[in-house]
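Hi there,

Here is the structure I promised to pass along. Have a look at it first, and then read on for what turned up.

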Amino acid sequence: GLMWLRHGGNLRHTSEQNDGVSRYGWLMHDGENFGVQEIRDEGLLLRTEFVKQPGGDHGGDWSWRVTAKTEGKGPAPLLSLFFYVATDGQGTLRPVLENGTRLAAVAGTAEELGDFTLTFLPPTGEDGESPKYASYNFLAAALPGLHRLTDLVRHSLHESSVFSPPGRPRRRFFGVSGTGGLPGEPPR
């Protein structure tokens, strides 16, 4: 799944009619093999696209792309995208890091799927090829239930991460701590 945070705004995990998101919904989908949705949130345009390639023993391979653009004039505000992977109590998940910081993949095992890997490619520019600068961190934690994901991320946010692209000024941004949990919950 996906959560997002524009600096100076609220952590978003869902889009609902009363939360100030101006427009959201599917632009096209077939309910099974592909879909494109768009979310407009105060000058931010988020587009998610997925496609499924049938095959294999468990229904096929999925690809998912997220595009984030700002609308309007002026410098683009920092944006934190939080991609999450969770199990509902069965199975295991293990982060796979590149250069010790970038979450390149999540490897896992689940009863229904067997062994699997979710791969996260580095961000690219609008042409889809040139690399785009990004800073990374990740959180690994146990939860009492998937309904607490938003609370976990909100509790783990800190503004001590630094975004420093080459030739541009350093800026602090909200990221998540490497390990953690919810207050009052025993470690699992």
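Two strands are taken as paired if DSSP finds at least two bridges between them. With that in hand, and keeping in mind that this is a predicted model, let me start with the sheet.

**The sheet**

In strand β9, Gly 114 sits opposite Ala 110. Strand β8 (residues 102-110) and β9 run antiparallel, joined by 6 bridges. They belong to an open sheet of 3 strands in the order β7-β8-β9, with antiparallel pairing. At its edges are β7 (92-98) and β9, each of which pairs on one side only. On average, neighbouring strands of this sheet are turned by 20° against each other, direction ignored.

**The aromatic rings**

How many aromatic pairs are there? The count comes to 4. One of them is Trp 64 with Phe 83, an edge-to-face pair at 5.7 Å centre to centre, with 90° between the planes. This pair links distant parts of the chain: Trp 64 is in strand β5 (residues 61-70) and Phe 83 in strand β6 (residues 79-83), 19 residues apart. Both rings are partly exposed, with a relative accessible area of 43% for Trp 64 and 36% for Phe 83.

Phe 83 also forms a pair with Phe 120, this one tilted, at 6.3 Å centre to centre and 40° between the planes. Here too distant parts of the chain are linked, since Phe 120 is in the loop between β9 (114-119) and α1 (149-156), 37 residues apart from Phe 83. Is Phe 120 buried or exposed? Its relative accessible area is 18%, so Phe 120 is buried, the cut-off being under 20%.

Elsewhere, Trp 26, Phe 50 and Trp 62 form one aromatic cluster.

**The nonpolar cores**

In soluble globular proteins, nonpolar side chains tend to be buried together. In this model, the largest nonpolar core has 9 residues: Met 3, Leu 5, Leu 11, Phe 82, Leu 143, Leu 149, Leu 152, Val 153 and Val 176. Two elements, β1 (2-6) and α1, give two or more residues to this core, and the largest share, 3 residues, comes from α1.

If you would like one residue to click on, try Leu 149: leaving aside residues up to four places away in sequence, Leu 149 touches Met 3, His 13, Tyr 84 and Leu 143. There is also a second, separate core of 6 residues, among them Leu 2, Trp 4, Val 21 and Leu 44.

Happy browsing, and best wishes!

Note on methods:
Residues numbered from 1 in each chain as written. Predicted model: local features only at pLDDT ≥ 70, side-chain atom pairs only at ≥ 80, totals over all residues. Heavy atoms only, no water. Phe/Tyr/Trp six-rings, centres within 6.5 Å; stacked < 30°, edge-to-face > 60°. Helix = DSSP H or I, 4+ residues; strand = E, 2+ residues; numbered from the N terminus. Buried < 20%, exposed > 50% of the residue type's maximum accessible area, 1.4 Å probe, protein only. Axes fitted to C-alpha atoms, helices over the stretch in contact; angles between N-to-C directions. Core = buried A, V, L, I, M, F, W, Y, C linked by side-chain atoms within 4.5 Å. Contact = heavy atoms within 4.5 Å.
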